[in-house]
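User: I'd like to learn how to read the features of a protein model, step by step. Could you walk me through one?

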Amino acid sequence: MTTSEELYSAYVWFKNLLMPTLRGRPACKPTMPMVIPIIRSELAQVIGPMCSATDFTFVDLGCGQGAMLRPMSEATIDGKSMFERCVGVELDPNTAAEAVAAVKDDPKCKVECGDMFGFADRVCATKRLFGGRAAFYIYEPLWMANLPEAEMDRLYAGLAAQVAKHPGSVIVYCTADSYRELKASVLEASGLVLQRSTPVAQNGVFNRLRGKFNTLEIWQAPHSLVTLPDP
């Protein structure tokens, strides 16, 4: 990483922490721009070559200002779109409005204001998940929520169980900086299988100064699962 990229990562980090707070809004912790290409590359390894149009939808749970949506909308595998559509879910109405504005000219992108767990319950309850499968991306959506560990485990266990109903669907998870919100044991208990794991400098220059890195993981639902009833 160049010096200018390191400085830019520090700028982005402080901007997303301070500016929303000064406006009386929840602070955002979006994925750093330099990490996004790694996520796309790792996902391509799991999704694999595509002989026809993709049946994958990218879902950013806790999308903030929608920083991940356009890059994932533009992601390709062998020149073909990696995702049929991209959906962001954001609880804070003002932040969700900013996400809508950020992707308003991209017909593949949609933002929904609401609770990410309720959203996942609803879409996963249908027999067909969007176009067929989905990649649910999670990066610190419960940051500063002050939830007990047992409650976070319960919420994430329910989410993992819902995703596991849809063969081939994945959970893409980037660990929190200070502690792990989503435990491997919770994902394993739902039958999800770890496919890819790689360290990333999610906090940019701060990771490098401390020598501590975040872990990006991709967990996938096996293809031999129960069939859901019609919605």
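User: Thanks! To begin with a single residue, in which loop is D78 found?

Analyst: Happy to start there. This is a predicted model, so local features need pLDDT of at least 70 and side-chain atom pairs count only at pLDDT 80 or more, while totals for chains, interfaces and linings use all residues. Residues are numbered from 1 along each chain as its sequence is written, and side-chain values use heavy atoms, with hydrogens and water left out. Helices (H or I, at least four residues) and strands (E, at least two) are DSSP runs, numbered from the N terminus. D78 sits in the loop between β2 (76–77) and β3 (80–81).

User: What is the phi of D78, and is the residue buried or exposed?

Analyst: Its phi is positive, about 55 degrees, although D78 is not a glycine. For accessibility, buried means under 20% relative accessible area, exposed over 50%, and partly exposed in between (1.4 Å probe, protein chains only). D78 counts as exposed because its relative accessibility is 68%.

User: Where is F130, and what is its phi?

Analyst: F130 is found in the loop between α5 (116–124) and β6 (133–139). Its phi is near 55 degrees, again a positive value in a residue other than glycine.

User: Let's step back to the whole chain. How many helices and strands are there?

Analyst: The protein chain has 8 helices and 9 strands. The C-alpha trace spans about 50 × 45 × 35 Å along its principal axes.

User: How should I read the radius of gyration?

Analyst: Compare it with a rule for globules. The radius is taken over C-alpha atoms, and the rule is 2.2 Å times the number of residues to the power 0.38. For 231 residues a compact globule would come out near 17 Å, and the protein chain has 17 Å, so the two agree.

User: What share of the residues is buried, and how much surface does the chain expose?

Analyst: Buried residues make up 49% of the 231. Areas come from the Shrake-Rupley method with a 1.4 Å probe, and for residues only the protein chains shown count as cover. The protein chain exposes about 10900 Å², with carbon and sulfur atoms supplying 56% of it.

User: How many charged side chains are there, and how far apart are the centres of the two sets?

Analyst: Lys and Arg count as positive and Asp and Glu as negative, while His and the chain ends are not counted. Each charge is placed at NZ of Lys, CZ of Arg, CG of Asp or CD of Glu. The protein chain has 23 positive and 25 negative side chains, and the centres of the two sets lie 2 Å apart.

User: How many disulfides are there?

Analyst: A disulfide is a pair of cysteine sulfur atoms within 2.5 Å. By this rule the count is 0. C86 is in no disulfide, and the nearest cysteine sulfur, that of C109, is 4.8 Å away.

User: Why is there no bond from C109, and is C109 buried or exposed?

Analyst: The closest cysteine sulfur to that of C109 is in C86, and 4.8 Å is too far for a bond. C109 is buried, with a relative accessible area of 11%. C86 also counts as buried, because its relative accessibility is 0%.

User: Now for contacts. Which residues does G88 touch?

Analyst: Contact means heavy atoms within 4.5 Å. Not counting residues up to four places away in sequence, G88 touches D60, C63, L69, K110, V111 and E112. G88 lies in strand β4 (residues 85–90) and counts as buried at 0% relative accessibility. The C-alpha atoms of G88 and D60 are separated by 4.7 Å, although the two residues are 28 apart along the chain.

User: Where is V111, and with which residues is it in contact?

Analyst: V111 is in strand β5, and at 16% relative accessibility V111 counts as buried. Leaving aside neighbours within four places in sequence, its contacts are C63, L69, G88, A96, A99, V100 and V103.

User: And where does A102 lie?

Analyst: A102 lies in helix α4 (residues 93–102). A102 is partly exposed, with a relative accessible area of 36%. Beyond neighbours within four places in sequence, A102 is in contact with Q65 and R70.
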